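Reader: I'm new to this. Could you show me how to read a protein model?

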Amino acid sequence: MSAVPQPLTTREDRARARRARNLRHLVISAASTVVVLGGLATWIFTSSGWPNVRRDFFSSHWFTQSFGSVLSGFWLDVRLFLIVEVAVLALGLLIALIRTFDVAALFPVKLVCIVFVDVMRGIPTILLVYIIGFAVPALYLSGVPTSPVVLGGIALAMNYSAYVSEVFRAGLESIHPSQGGAALALGLTPTQALRHVIVPQAVRRVIPPLLNDFIALQKDVALISILGPQEAFRVAQIFADQYFNYTPLLSAAALYLCVTIPLTRVVDRMQARTRRERGGAMALGPR
Amino acid sequence: MSAHQAPPGANAPVLELRGVTKSYEGQQVLKGIDLMVSEHQAVALIGASGSGKSTLLRCIDLLEEIDDGDILLDGQPMTVPGINPVPFRRRLGLVFQSFNLFPHMRVIENVTLGAVRGQRMPAAQAREGAQALLERFGLGDRAREYPDRLSGGQQQRVAIARALLTKPRALLLDEVTSALDPELVGEVLGVIRELKEEGMTMVIATHEMSFARDVADQVCFLEGGCIVEQGTPEQIFTAPSQPQTQRFLARVLAGATI
């Protein structure tokens, strides 16, 4: 009968080591942050051009002078973004469904969709806004809108629905066929199987890439400024050209950040919740 | 002879298969299957993987289009070209090896979906029925969970409840315990045994020989897309007449007690 061996380390030893490790970690990260950010700030703020940049880009006078107009211009951006986004989601999903599932009667539509997506994805957004914004009104077609906001919105919707349709298509194709089989076995019609089983799962899977396109569109709305509407960037640019001060451009940038950053966080949280509820299966993501 | 007059043991056929063939990409998976499943009868399909058991069940549920032959449900041909398969599928229940629950829906929604959307059952009535089935299968407290929070055995019992809510004429079970951990097999087989006692008509593809012997009224041994031998469990398991059946049983029963 031998004595119980003495433990070589105790719980207290481990806790002490862990505390020391955490402290070391904290000190190093704090020090490195101070060094890097401090160095960067010193480098910028001591540069010979800083006083000028500060006057031209960070002027509180011009900020208060221009902010109201920039904000009202930005409101146009936000409204346009919301409307275009809804159109993009609807059109993108429709194109994806038509391309993914074979319906004999829709064959010509399918061909049109393929060409549409190829062409729209291949043209730079700014060119598309130009072409549609200037060429369509020149046709003098009756009943076709000539407002630059509407035409710019249409151009953006066409461009982005092409991208988004590919995202949806990847999502639809990632749902295992056995899910459709199970839905049919329950007596659902193919349309019901799509609506209740396949599309909801596909959409959930593609939320992260959709969000990327979402944010990109939110920023690209500024492209309609080339057609003339007084949206945030345009307003800021007019100010800058008039008074040789670029502060309004920075306020416009700040306004964009005010929307895009919370948007990202909201969706991150949404996904985390889904992941919790669904027990981690979402972490696998789209294949 | 109508179903009402049928003497016990010779009930009216619920499912009838005549010369059913099916091939995938030139390979024939079913080579002329004849099978009769009477009301309240449980027919077990046994055979090696790839013998055609699953394909046969998928063909009966009209998830696969057959190449030739006929399948009748209550005397009605289901496999006439151009016929709408949806009403027939509503009268059958199919349970899959891999459960195939809908991961984005709660358990209760999984169970009610077919009844509410497919059969237009009022939602309240469907929920009530679904809850009762879940209680019965010992899952009453899991109704609000998502499927992937459940064990395999629980998921498969949900899948069985889902197939049962619409009171199908026949239940098709496709190797429903093959994806389960051994200790979870029993709870699922128990549920099926219960259904058999209540007189549910069933076609059961299975690898569980003792279960087939226990529950089935008829056992069919499939090999290479043909029913090689069919008979009562007694005949098939104690005195198989075909050499293929003898070989198969010798292989699967080696070391196992039945």
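Author: Sure, surface first: accessible areas come from the Shrake-Rupley method with a 1.4 Å probe, and for residues only the protein chains shown count as cover. Here chain B exposes about 11200 Å², with carbon and sulfur atoms supplying 47% of that.
This is a predicted model, where local features need pLDDT of at least 70, side-chain atom pairs count only at pLDDT 80 or more, and totals for chains, interfaces and linings use all residues. Residues are numbered from 1 along each chain as its sequence is written, chains are lettered from A and ligands numbered from 1 in the order in which they are written, and side-chain values use heavy atoms, leaving out hydrogens and water.

Reader: What share of the residues of chain B count as buried?

Author: Buried means under 20% relative accessible area, exposed over 50%, and partly exposed in between (1.4 Å probe, protein chains only). In chain B, 53% of the 258 residues are buried.

Reader: And which side chain forms a salt bridge with E194(B)?

Author: Side chains of opposite charge can pair when their charged atoms come close. A salt bridge is a side-chain nitrogen of Lys or Arg within 4 Å of a carboxyl oxygen of Asp or Glu. E194(B) pairs with R136(B), with the closest N and O atoms 3.1 Å apart. E194(B) sits in helix 6 and R136(B) in helix 4, so the pair ties together parts 58 residues apart in sequence. Helices here are DSSP runs (H or I, at least four residues), numbered from the N terminus. R136(B) is partly exposed, at 33% relative accessibility. R136(B) also meets E198(B) in a salt bridge, 2.7 Å from N to O.

Key: Helices (H or I, at least four residues) and strands (E, at least two) are DSSP runs, numbered from the N terminus.
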